[in-house]
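Colleague: I would like to go through this model with you, one question at a time. Please keep the answers short.

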Amino acid sequence: MFWGALEWILLGAGGVGAIIFGVRRHRPARKAPWWLLAASLAALCAGDVCYSYRVMGLADIFYLLMFGLTALCLLQFTRGGALLGDRARLIDLLAAGCTTLLVVWVFVIGSDRLHTVSATDVIGDLLLVAVAGRLVAADRRNVAAWLLLTGAAGMLIGDTVYPVITNGLTESAFVVLYVCWGLSALHPSMVRLTEPAPGRPSPWKFRWSLLLALAACTPPTVLLIEALRGDVQDGVVIAITGAVTLLLTITRLGDAIRQHSQALSREQGLRAATAALVATADRPAVDAAVRAAVTRLLPPASVRRVSLADELSPAESPPAPAGPTARSWWLSAADPDDRTLVCPLRLEPLDVARPSGGALIITGRREDLVAGHDALEVLAGQAALALDRITLVEAVGRRDSDLYLRAVIHNTAELMAVIDADQRIRYSSPALRDALGQTELPPLATLDELVHPDDRARVRNALRSHGDGTVHCALQRADQSQVLVELTYRDLREDRLVQGLVVTMRDITRNHDPAELHPYTEHPAEMPAWVNRRSAQQRFRY
């Protein structure tokens, strides 16, 4: 007895230690299923030790505890994982299979034919095999899932054959359980079993609800039939099967309620966010509305950082995956349990409004971000729409302001222009166009193109500096002659209505030598003395 107990202790300690080591090394997204699996192995080990010392009552308690922990473990494996986006159909089939096995055992096999085989153990083993087989069917390349299935199959074979043929070979089936479940946690594929993935709720269908209802009604019906016969022989099996079916039904109902609650909260959060974004008038208001919406869509404790970067250059934007443009993508975070979700703020038809794009960047718990992934993408689209609306409204306002300015000062003799931060001319007065000898300026003309090449660098540096100022320069006409001006600029880039620089010019050409108006082009090889004089005048003309 001692050596048999020592064997089970070593197997149990090795399996539990392997699971603990695998969880700490591979760091799966959800650790609870693996801790439950380790606890079930520990309970099985305790039951086998008690069985070795022939303490049968205590051993049965540990075996029942082992089945309960394993059932919770498999329910955790099927909850919100990457392999099973929706476990509703699995629960319905498990409930139906459990009650079908009960009917077959009571009315077909009978306890008198296999009195040494525990019906509850066999039914529980079949359920474990079914759940592990469903995990394998979802990902046939997952080694950890295959090991879980092999261990469950070993337990089924042991509980079925060992009571009939008791020897070392049949007892080794339980050794397979310890070894396979321990190795399943050591393989790197164990991470994929609990990798969070967006839920894929199945549509409601009457036949599945009818199947679940029949499964829930079967154990009481079997008990009633045996009671009417006058002797209840399978009361324990019926009670345990009814408890398992009730647990599956409650789990199915809880999943439906949870999915409905999440969908309702997401809908309310997106509705409130849409209303807030419609009422925003500037970028800080959009940022505040997005942050408030994120706190409504996700648990506040799960969010580490929220950043709404609406003006990012291509070098500053987070790297996007290769291939077609995605609505969002994932990046790693400092904490292994966290992820960073990047949702680009770009709507294809409105790219002209904000060419630089931007992104909504959220860092938080991986499981919560995956659950709210779709809602966050919708929120990013609404934020992009609000930013594009604000940008277009500002552009329309500036255009109307320019049209109003053009209508008011159409007959003025003042030389003036309104230029953007990149020195593109947004508006020019008719007097400026007349002074340059042009009817209309090119649509994307810049101030550099109007200024003489010798003065471009000085004018560019002056306009890039913040604040107002004055600079003297020469404008180059279409006939290559020059117009000497005193250029005064006002920095209104922070003004919401202007967002640019207002440049006024005063023609000071008449105060200089007329010879400066035309460059010397005859006999370029000969350099008369008056060219040097003109060069000096050009240098000190102001």
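Colleague: Between which two strands is the loop that holds glutamine 480?
Modeller: This is a predicted model. One strand is β7, residues 469-476. The other is β8, residues 482-492. Glutamine 480 therefore sits in the loop between β7 and β8.

Colleague: What is the phi of glutamine 480?
Modeller: Most residues other than glycine have a negative phi. Glutamine 480 is not a glycine, yet its phi is positive. The value is about 70°.

Colleague: Is glutamine 480 buried, partly exposed or exposed?
Modeller: Buried means under 20% relative accessible area, and exposed means over 50%. Glutamine 480 has 45% relative accessibility, so the residue counts as partly exposed.

Colleague: Which residue forms a salt bridge with arginine 477?
Modeller: Arginine 477 is partly exposed, at 26% relative accessible area. Its partner is partly exposed too, at 48% relative accessibility. The N to O distance is 3.7 Å, and a salt bridge needs 4 Å or less, so the pair counts. The partner is aspartate 479.

Colleague: What is the N to O distance in the salt bridge of arginine 493 and aspartate 491?
Modeller: The side chains of these two residues meet. A salt bridge has its nitrogen within 4 Å of the oxygen. Arginine 493 and aspartate 491 meet at 2.8 Å.

Colleague: How many salt bridges does a search of the whole structure find?
Modeller: The search covers the whole structure. Among the pairs found is arginine 252 with aspartate 92. The count is eleven.

Colleague: How many residues apart are arginine 252 and aspartate 92?
Modeller: Their closest N and O atoms are 3.2 Å apart, in a salt bridge. Arginine 252 is in helix α10, residues 235-278, and aspartate 92 is in helix α4, residues 88-109. The pair thus links distant parts of the chain. The separation is 160 residues.

Colleague: Is arginine 252 buried or exposed, and what about aspartate 92?
Modeller: The cut-off for buried is under 20%. Arginine 252 has 18% relative accessibility, so arginine 252 counts as buried. Aspartate 92 has a relative accessible area of 1%, so aspartate 92 is also buried.

Colleague: Where is arginine 27?
Modeller: Arginine 27 is not a glycine, but its phi is positive, about 50°. The residue is partly exposed, with a relative accessible area of 37%. Helix α1 covers 2-26 and helix α2 covers 32-52. Arginine 27 is in the loop between α1 and α2.

Colleague: Which residues does glutamine 76 contact, leaving aside its neighbours within four places in sequence?
Modeller: Glutamine 76 lies in helix α3, residues 56-77. Its C-alpha is 5.4 Å from that of proline 33, although the two are 43 residues apart along the chain. Contact means heavy atoms within 4.5 Å. The contacts are Arg30, Ala32, Pro33 and Leu36.

Colleague: How far does α3 reach from its first C-alpha to its last?
Modeller: Helix α3 has 22 residues. At 1.5 Å a residue, 32 Å is expected. The reach is close to that: 31 Å.

Colleague: How far apart are the end C-alpha atoms of helix α9?
Modeller: Helix α9 has 24 residues, 206-229. At 1.5 Å a residue, they should span 34 Å. The model agrees, with the ends 34 Å apart.

Colleague: Where does α9 bend?
Modeller: The bend is about 35°. A proline, proline 219, follows within four residues. Both Thr218 and Pro219 are among the buried residues of α9. The bend is at threonine 218.

Colleague: Which helix gives the most to the nonpolar patch?
Modeller: The patch is formed by Phe21, Val179, Leu183 and Leu186, with about 330 Å² of accessible area together. Valine 179 is partly exposed, at 41% relative accessible area. Valine 179 is found in the helix you ask for. With three residues in the patch, that helix is α7.

Colleague: What share of the chain is buried?
Modeller: The chain has 17 helices and nine strands. Its residues number 542. Buried residues make up 44%.

Key
Residues numbered from 1 in each chain as written. Predicted model: local features only at pLDDT ≥ 70, side-chain atom pairs only at ≥ 80, totals over all residues. Heavy atoms only, no water. Expected span 1.5 Å × (residues − 1). Bend = angle between axes of the 7 residues up to and from the residue. Buried < 20%, exposed > 50% of the residue type's maximum accessible area, 1.4 Å probe, protein only. Patch = residues over 30% accessible without salt bridge, like charges linked within 9 Å, V, L, I, M, F, W, Y side chains within 5 Å. Areas by Shrake-Rupley, 256 points an atom, 1.4 Å probe, with all protein chains shown as cover.
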